[in-house]
Structure formats: C-alpha cells, structure tokens
Amino acid sequence: MAAAAECDVVMAATGPELLDDEEAKREAESFKEQGNAYYAKKDYNEAYNYYTKAIDMCPKNASYYGNRAATLMMLGRFREALGDAQQSVRLDDSFVRFKNANAVIEYEKIAETDFEKRDFRKVVFCMDRALEFAPACHRFKILKAECLAMLGRYPEAQSVASDILRMDSTNADALYVRGLCLYYEDCIEKAVQFFVQALRMAPDHEKACIACRNAKALKAKKEDGNKAFKEGNYKLAYELYTEALGIDPNNIKTNAKLYCNRGTVNSKLRKLDDAIEDCTHAVKLDDTYIKAYLRRAQCYMDTEQYEEAVRDYEKVYQTEKTKEHKQLLKNAQLELKKSKRKDYYKILGVDKNASEDEIKKAYRKRALMHHPDRHSGASAEVQKEEEKKFKEVGEAFTILSDPKKKTRYDSGQDLDEEGMNMGDFDANNIFKAFFGGPGGFSFEASGPGNFFFQFG
C-alpha cells in the first residue's frame, strides 16, 4: 500500500503559511477516520465529503481514492467510482479491489438497453448482479422494483420500494413504484394517491405523470361504463369499455375486468360469440378470474356448447368448491348428457316449453311431411332417409305427448332404463292412431310429384 506516499503541501485557509508534511498526514488521516465512521453508519454522502477532504490534504494516497471509490459505488455514481479506482491503482498497482466498478457500469448499460426492449426479466438479473457490488444503490433498486412490477411480481416490488421509503420517505421513484404496484393490482384510487405524492416530491417525474393520467382515465371510463350498463344503455357501455381497454395494455388485471364487463354487455345484446371471445381474453390475462369463467360458461350453455361449459364449470368448482358452483357443474353435465341423445324437440321443431296442442300440431305437420307414401316415387336413398325421419317424428311424439315420459326425458333419465325401449315401437301405428285409424287417411297422386291428402 502507498499509505506513506508523499503528500502534497497545501495552503492553509487562514493565510499563506504552509503546513508541514506530518501535520497534513495527521489531518488527512483524521478526515479518513471520520469518513470511515460515516461509511459504517451508511451515511455515504457524509463519508464522501470526508474522504474528499482527506484527498485534498494528501492527493497521492491510494487508500483515500479507494475509500471514496467504494463510497461512490454505494451512491450509484459508478463512472466517478471507476475514475477513483483507476487513480488508486495508478498510485499503487497492488490496489485492485475496485475492478468491479467497470463490470457494474456494463450491467447498467445492458439493463438500460433491455428495459427499452421490455425484457424486464433480464433487467432484474442485471440489477441483482450490480447490487451485489453496490447493495445500497437506490437507483438500481428502483429499476429492479419497477421491472418486478411490470412482471406482475408485486409483493417483491412493493418490498423493495418500501425499504427505500423507510430510509427516505420523500423518494419520488419509490413512491412511483408503490403506486405502480397498486395500479396494476386494480387498486386505482390508492395508486393515484401515491402518484400524486411522487409528483409533489418531483413535479417533473415523467413516469409518475403518465401513470397518474392513465389511472384517472381508466377509473373514469370504467365507472362511466358501469353506469351506462346499470341504466340499460348497453351500446354506450360497450363503447366506454372498449375505450377503456385502449388506455393502457400493460394493466393486465384491470383490462381482464374490462373484457369481462364488455362480455357481459355482449351477452345482454345477444352477441354470444363476441361475449365468449371477450371472456376468453379476460381469462388469458388473468387465469384466476372466476367471474370471467362463469360468464363464458353461461354463454356456452346458451349456445349449446355443453362440453366447453362443463370444462369451465369444472375449473370454477376446482377453485371454489361452493354449493352454487357444484350445481352449475351438475346442470351443465346433465345438458351435455341430454345433448348426446336425440333431440325430440328439435325433431318436431318446437320449443322446450311447447304446449300439448303445439306438440300435436307439430307432429301432424312433420308426420305428413315425412310419411313414406308421400315419397314412394323418390329414389331408394331418399325413401330410406324419409322413412328414418318419419320414425323419429313418431318417437318424438310418443315421448313428448306423454307427461310422465316427457318429464323423464327432460330430466335427462335414460328412457331405455325406464322400460321405454324406443327400438320396438311402430311409427305407422302412431300415425294411424293420430289420424283416426285404418282407412282414415290416404295419399293420392294428382300428377307427377304432386299429392293431395284425403281423409275418410
């Protein structure tokens, strides 16, 4: 070490009289010791001041430059730290413990580039490496915390920002990060409070200004959309939610809610495919968003996509095992089971709430349409198809015209298990019974391809 290196003689502040070398050394050592004391207390600004005084008294002492370099690293002033480290090596080539200053500068450069590329994971990595050499650097901690927030790692980001605020409650960057975490967690009102506080500390803080503006705009648009929805103005609600979605694509949690809200609007407008698409966007942004799964599942039920509905209800029930969710799942499973049987309502062309008279009228129409005699002059293939449809119409009428059988069918019970084997019945007997028995009805041709119906 060059602790005993020759010291420059400096002018006394009170006059032209020169201090001798020994007195300069003693005063420089005193400043260094005071600097060490402040460094130990982590008061790096004061430590820097005293090391600078020591250097002024004895500018050829390598250890003073080394100490100041270490302090500058703690303050995050790495280019200055590198200059002091290089000077300490020039004065004493064995003084190499600050070679890491250059590495830290490189990490900072890489982090700045990756932040612009939105590669936030890499920025966190670089800042972790840099903080190994400069654990007290607030700038590195803030950059790391901001990237953690962008990655959705809010508790970690909050922890870093809170540590800084405990030491410096006026740190605008830390206040901004706290607000950013709350903003991305959809606690917009609280977020605005932190952004405003950050702007009080630093009125020109650009990021806090932009975030505050976005947060206020999002809150206003969402509330206006909710108001329009409650008033039944679904078209306006749709437009407002769409505008809100364009404000900040980075706010994943709020945007998930906006997509779900817009999906609800679309379901009210009976745009069920659009509603499903919006809910799908919502769960892609937040795969824990139960409300979006429930909304999408209901839309799947309404569009008779029962397998998809069962899948969503299963996801919901696995997450929240409530009686309500269990019943919704059972209902979807029942509809799925029913959908795999013949749909007798569809065969007759009637609604599930059709009256007895409506069912009879529908049978009359379909039975006449598909009766084999009407298609006796058609090709063998067409005759076979029409005969099949005629039989299905008879099956449908047999079940839906009987209250007991209809109830069992509607409840999803297997009709064969109930002793109603539909493979054994004769559709012609149903037809004859309905139209008054043998001789009561006939098809007669009045020309090629033309028929009229004659009742006895």
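Exposed here means over 50% relative accessible area, buried means under 20%, and partly exposed is anything in between. Keep those cut-offs in mind for the views below, which all come from a predicted model.

**View 1. Lys227 reaches Glu231 in a salt bridge.** The closest N and O atoms of this pair are 2.9 Å apart. Glu231 has a relative accessible area of 55%, so this residue counts as exposed. Elsewhere in the model, shared partners link several salt bridges, and Asp186, Lys222 and Lys257 end up in one network. View 3 zooms in on part of that network.

**View 2. Glu223 and Lys219 pair up along helix α11.** Both residues sit in this helix, which covers residues 206–230, and they are four residues apart, or about one turn. Their closest N and O atoms are 3.0 Å apart, and the contact is a salt bridge. Glu223 comes out at 43% relative accessibility, so this one is partly exposed. Lys219 is at 28% and therefore counts as partly exposed too.

**View 3. Asp186 and Lys257 join side chains in a salt bridge.** The N to O distance is 2.7 Å. Asp186 is in the loop between α9 (172–184) and α10 (188–201), while Lys257 belongs to helix α13 (residues 252–268), so the bridge ties together parts of the chain that are 71 residues apart in sequence. What about burial? Asp186 is buried, because its relative accessibility is 15%, whereas Lys257, at 29%, counts as partly exposed. For the wider picture, the structure holds 24 salt bridges.

**View 4. Two of the spans that UniProt lists as TPR repeats.** The unreviewed entry gives residues 28–61, 172–205, 218–251 and 290–323 under "repeat: TPR". Take residues 172–205: this stretch is 79% helix and 0% strand, and its end C-alpha atoms are 8 Å apart. Residues 290–323 are 82% helix and 0% strand, with end C-alpha atoms 15 Å apart.

**View 5. Ile399 sits in helix α20.** That helix spans residues 380–400. Ile399 has 0% relative accessibility, so this side of the story is simple: the residue counts as buried. Which distance separates Ile399 from Tyr409 in space, C-alpha to C-alpha? The answer is 7.6 Å, with the two residues 10 apart in sequence.

How values were computed
Residues numbered from 1 in each chain as written. Predicted model: local features only at pLDDT ≥ 70, side-chain atom pairs only at ≥ 80, totals over all residues. Heavy atoms only, no water. Helix = DSSP H or I, 4+ residues; strand = E, 2+ residues; numbered from the N terminus. Buried < 20%, exposed > 50% of the residue type's maximum accessible area, 1.4 Å probe, protein only. UniProt positions renumbered as here; feature names shortened; annotations may be inferred. Salt bridge = Lys/Arg side-chain N within 4 Å of Asp/Glu carboxyl O.
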